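I opened this notebook to keep a short record of what I looked up, one entry at a time.

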Amino acid sequence: MIRPWEIAALALGLAAAICGATLIGSGSLFLLCEILVIFLLAQMWNLLAGFAGQISLGHQAFVGLGAYTLFLAANETALPLWLVLALVPVAVGLVAIPLGLVMFHLKHAYFAVGMWVVAEILMQLAAKADWLGGTSGLVLRPGGNMLAGEPERVVFAIAAFCAVALMVGLRVFLRTRLGLATLALRENEAAAASAGIDVRGLHLMHFALTAAGTALAGALYYITALYISPNDAFQINWLIAMMFVTVVGGIGTLTGPALGTIILIGAREAMTAWGFTGGQYWIVMGLLAVVVLLLAPRGLWPAIAARRGATQHATTEETEA
């Protein structure tokens with residue numbers, strides 16, 4: 001059951017998304033769109049790995065599938081771009097179902113690595129497909145024409161509202177029987193199965209849903225880029241960003257990916273301003289991830305929440321004394 005404050009959050013999120021898309025300058029919108037896309041991707045990976053306990057090292061495959069589906073459908077049909085965007089997660093989510101049925105024959109680490117292999121195969125197939133532009137990639141030309149206007153404004157509005165709706169939706173979902181079953185699945189699959197939970201069906205549901213959400217985020221990002229290539233769309237850096245944001249921020253929490261996204265993008269912008277290269281940036285991010293995992297294995301947000309709870313408890317005791 002959705003609560004009144006959650007409905008209010010959705011309404012405020014929609015209003016803020018529309019106002020932001022209207023008032024914010026184009027230059028800032030590109031960065032904000034990227035931040036929102038990273039957050040959406042991280043929450044999808046977090047839902048699969050952090051809440052359902054199913055780690056995938058190949059979810060960048062759905063970034064590429066979503067983007068290529070959008071470009072191909074928009075370029076080769078007369079359908080409006082934004083209608084195609086709405087259909088992309090549906091199409092990719094349906095494709096993920098038979099893929100999941102095949103990949104679920106692999107368990108745990110084998111599944112994780114198997115998904116990475118799938119992503120690599122898709123990248124190679126796209127690079128060799130002339131009808132997808134091969135290694136040269138594709139330029140977004142809806143209906144054969146260059147995209148007019150400022151699409152980043154619409155992308156920002158959609159991504160911003162999706163981010164708010166996702167947070168609210170996940171809160172509501174985790175209170176339902178399916179949400180509780182998901183958490184039970186993460187803790188112990190055997191115990192969940194003995195309690196009557198359809199483990200395979202629930203895994204498949206989360207796999208398809210996160211594939212659809214990842215595809216939508218990928219499509220949103222490449223609308224602002226206006227160009228796609230196999231090496232970019234299926235690159236492992238998408239996975240690294242998802243994992244870093246989730247693990248450093250706090251895997252299995254709703255707020256952790258938001259904190260992780262701020263750290264990832266904030267550090268990049270600061271290091272770029274200070275003259276660091278991309279390679280140096282990822283070295284620093286890797287070291288940061290190691291330090292966080294050593295000091296706070298559950299991520300920064302759970303550590304902050306625990307620290308805040310301990311401080312409040314100590315304050316209460318002092319007041320009572």
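Before the first entry I wrote down what I mean by contact, namely heavy atoms within 4.5 Å. I also noted that this is a predicted model.

**Entry on a histidine**

I looked up His-203 and found that this residue lies in helix H9, which covers residues 199-225. Its relative accessible area is 7%, and because buried means under 20%, I recorded His-203 as buried. I then asked which residues His-203 is in contact with, leaving aside its neighbours within four places in sequence. The list I obtained holds Ala-52, Gln-54, Phe-104, Leu-185 and Glu-189.

**Entry on aromatic rings**

One of those contacts of His-203, Phe-104, led me on to the aromatic rings, and a search of the whole structure gave me nine aromatic pairs. I took up the rings of Tyr-68 and Phe-234, whose centres are 6.0 Å apart and whose planes stand at 15°, so I wrote the pair down as stacked. Where in the chain do Tyr-68 and Phe-234 sit? I found Tyr-68 in helix H3 (residues 60-76) and Phe-234 in the loop between helix H10 (230-233) and helix H11 (236-249), so that the pair links distant parts of the chain, 166 residues apart. I checked their accessibility as well: Tyr-68 is buried, with a relative accessible area of 5%, and Phe-234 counts as buried at 3%.

I next turned to the rings of Phe-104 and Phe-111, which have their centres 5.8 Å apart and their planes at 50°, so this pair is tilted. Phe-104 is buried at a relative accessible area of 6%, and Phe-111 is buried at 3%. Following the ring pairs further, I saw that they link Phe-62, Phe-104, Phe-111 and Phe-207 into a cluster.

**Entry on two helices**

I reminded myself that two packed helices are described by the angle between their axes and the distance between the axes. For helix H1 (residues 4-23) and helix H6 (residues 151-175), I noted that the axes come within 7 Å and cross at roughly 165°. Since angles over 145 degrees count as roughly antiparallel, I entered H1 and H6 as roughly antiparallel to each other. I added that H1 passes H6 in a right-handed crossing.

Which residues meet where H1 touches H6? On the H1 side I listed several, among them Trp-5, Leu-10, Gly-13 and Ala-17, and on the H6 side I listed others, including Arg-153, Phe-156, Ala-160 and Val-164. The residues of this contact divide into 14 nonpolar, three polar and four charged.

How values were computed: Residues numbered from 1 in each chain as written. Predicted model: local features only at pLDDT ≥ 70, side-chain atom pairs only at ≥ 80, totals over all residues. Heavy atoms only, no water. Axes fitted to C-alpha atoms, helices over the stretch in contact; angles between N-to-C directions. Helix = DSSP H or I, 4+ residues; strand = E, 2+ residues; numbered from the N terminus. Parallel < 35°, antiparallel > 145°, perpendicular 65-115°, else oblique. Left-handed = near helix turned anticlockwise from the far one by under 90°. Nonpolar A, V, L, I, M, F, W, Y, C, P; charged D, E, K, R; others polar. Phe/Tyr/Trp six-rings, centres within 6.5 Å; stacked < 30°, edge-to-face > 60°. Buried < 20%, exposed > 50% of the residue type's maximum accessible area, 1.4 Å probe, protein only.
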